[in-house]
Amino acid sequence: MEFFAPAVGEIRSQGGLTARVSQDLRALPGWTPDAVIVVGGMTWETDQAPDMRDLLRDQHTRGAVVAGICGGTLALARAGLLDTRRHTSNDPEFLTRNAADYEGSALYVATPAAISEDRVITAPGTAPASFTAAVFESVGVETDKVAQFRAMMAAEHG
């Protein structure tokens, strides 16, 4: 697993996850992962959001899964990955307000859970469990292990 951010160092997510970032965004073009996961955050709603359009389109074309949750869905919308497939996010206006080139509103699905279609996974910020399960499934984690994960999350949040 690799973490990339605009600057090298330790970062902490809004949810409390701490990650040690050893490479900045300049290292991304040479990277060939099975999945690219764009996590949310307020940065995606600002002018300081990194431009990930080419990277996300190239990785998806190459065969990688591209996933975004919460504000991370804005990066997918800006890359055009939500224009031709079913998807979700925090709400439809969140996408139209923050991604000028977004043309997928007819395919937006209002759902509290993640959606996966054609190697693109999207989720509202309130759906980390179904988002994680969809990512696990997309990269080949065994079905029984994903089911166990879902059951644990359901028991905790039921």
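**Packing, pairing and pockets in a predicted model**

Colleague: In which helix does A129 lie?
Modeller: The structure is a predicted model, and the answer refers to that model. A129 lies in helix α4.

Colleague: Is A129 buried or partly exposed, at 25% relative accessibility?
Modeller: The cut-off for a buried residue is under 20% relative accessible area, and exposed begins over 50%. A129 has 25% relative accessibility, so it counts as partly exposed.

Colleague: Which residues is A129 in contact with, leaving aside its neighbours within four places in sequence?
Modeller: One residue to set beside A129 is A113, 16 residues apart from it in sequence, with 8.4 Å between the two C-alpha atoms. Contact, however, is judged on heavy atoms within 4.5 Å. Leaving aside the neighbours within four places in sequence, the contacts of A129 are F149 and M153.

Colleague: Which residues of α4 are buried, and what covers them?
Modeller: The buried residues of α4 are S130, F131, A133, A134 and V135. Helix α4, residues 128–138, lies across β5, β6 and β8. Those three strands are part of the cover over its buried residues, which also includes helix α5 (143–157); the names are thus β5, β6, β8 and α5.

Colleague: At about what angle does α4 run to β6?
Modeller: Another helix, α1 (residues 53–62), touches β5, β6 and β8, and its direction makes about 150° with that of β5. Angles run from 0 to 180 degrees between N-to-C directions. For α4 against β6 the angle is about 175°.

Colleague: What is the order of the four strands in the open sheet?
Modeller: The pairing in this sheet is mixed. Its edge strands are β5 (35–38) and β7 (115–117), each of which pairs on one side only. From one strand to the next the twist averages 10°. The order is β5-β6-β8-β7.

Colleague: Which residue in β6 stands opposite I37?
Modeller: Strand β6 covers residues 65–69, and β5 pairs with it in the parallel sense over four bridges. Opposite I37 stands A67.

Colleague: In β3, which residue is the bridge partner of I11?
Modeller: Strand β2 (residues 9–12) runs antiparallel to β3, and four bridges join the two. Along β3, residues 18–21, the side chains alternate: T18 and R20 point to one face and are not buried, whereas the buried pair A19 and V21 points to the other. The bridge partner of I11 is A19.

Colleague: Is H87 buried or exposed?
Modeller: H87 sits in the loop between α2 (72–78) and α3 (92–98). Its contacts, not counting residues up to four places away in sequence, include L95, Y102, L107, Y108 and T122. The relative accessible area of H87 is 0%, so H87 is buried.

Colleague: Which backbone oxygen does the side chain of H87 reach?
Modeller: L82 is one of the residues that H87 touches. The cut-off for a polar contact is an N or O pair within 3.5 Å. The side chain of H87 is at 3.3 Å from the backbone oxygen of L82.

Colleague: Which residues is V109 in contact with, leaving aside its neighbours within four places in sequence?
Modeller: V109 lies in the loop between α3 and β7, and at 23% relative accessibility it counts as partly exposed. The C-alpha atoms of V109 and R86 are separated by 6.7 Å, with the two residues 23 apart along the chain. Leaving aside neighbours within four places in sequence, the contacts are R86, H87, T88 and I115.

Colleague: What is the relative accessible area of D118?
Modeller: D118 is in the loop between β7 and β8, and its phi is near 55°, a positive value in a residue other than glycine. C70, in the loop between β6 and α2, also has a phi near 55° and is partly exposed, with a relative accessible area of 26%. D118 is partly exposed, with a relative accessible area of 43%.

Colleague: Which element gives the most to the lining of the largest pocket?
Modeller: The largest pocket holds about 1700 Å³ of space. Its lining has 46 residues, with F3, I37, V38, V39 and G40 nearest the centre. The elements that give two or more residues to this lining are β1 (4–5), β2, β5 and α4. With five residues, the element that gives the most is α4.

Notes:
Residues are numbered from 1 along each chain as its sequence is written. This is a predicted model: local features need pLDDT of at least 70, side-chain atom pairs count only at pLDDT 80 or more; totals for chains, interfaces and linings use all residues. Side-chain values use heavy atoms; hydrogens and water are left out. Buried means under 20% relative accessible area, exposed over 50%, partly exposed in between (1.4 Å probe, protein chains only). Two strands pair if DSSP finds at least two bridges between them. A polar contact is a pair of N or O atoms within 3.5 Å; within protein, one must be able to donate a hydrogen and the other to accept it, and residues adjacent in sequence count only if both atoms are side-chain atoms. On a 1 Å grid over the protein atoms alone, a cavity is a set of points where a 1.4 Å probe fits but cannot get out, and a pocket is an open set with protein on both sides within 12 Å along at least five of seven lines; lining residues have an atom within 4 Å of a point. Grid points are joined across faces, edges and corners, and a volume is the space filled by probe spheres set on the points.
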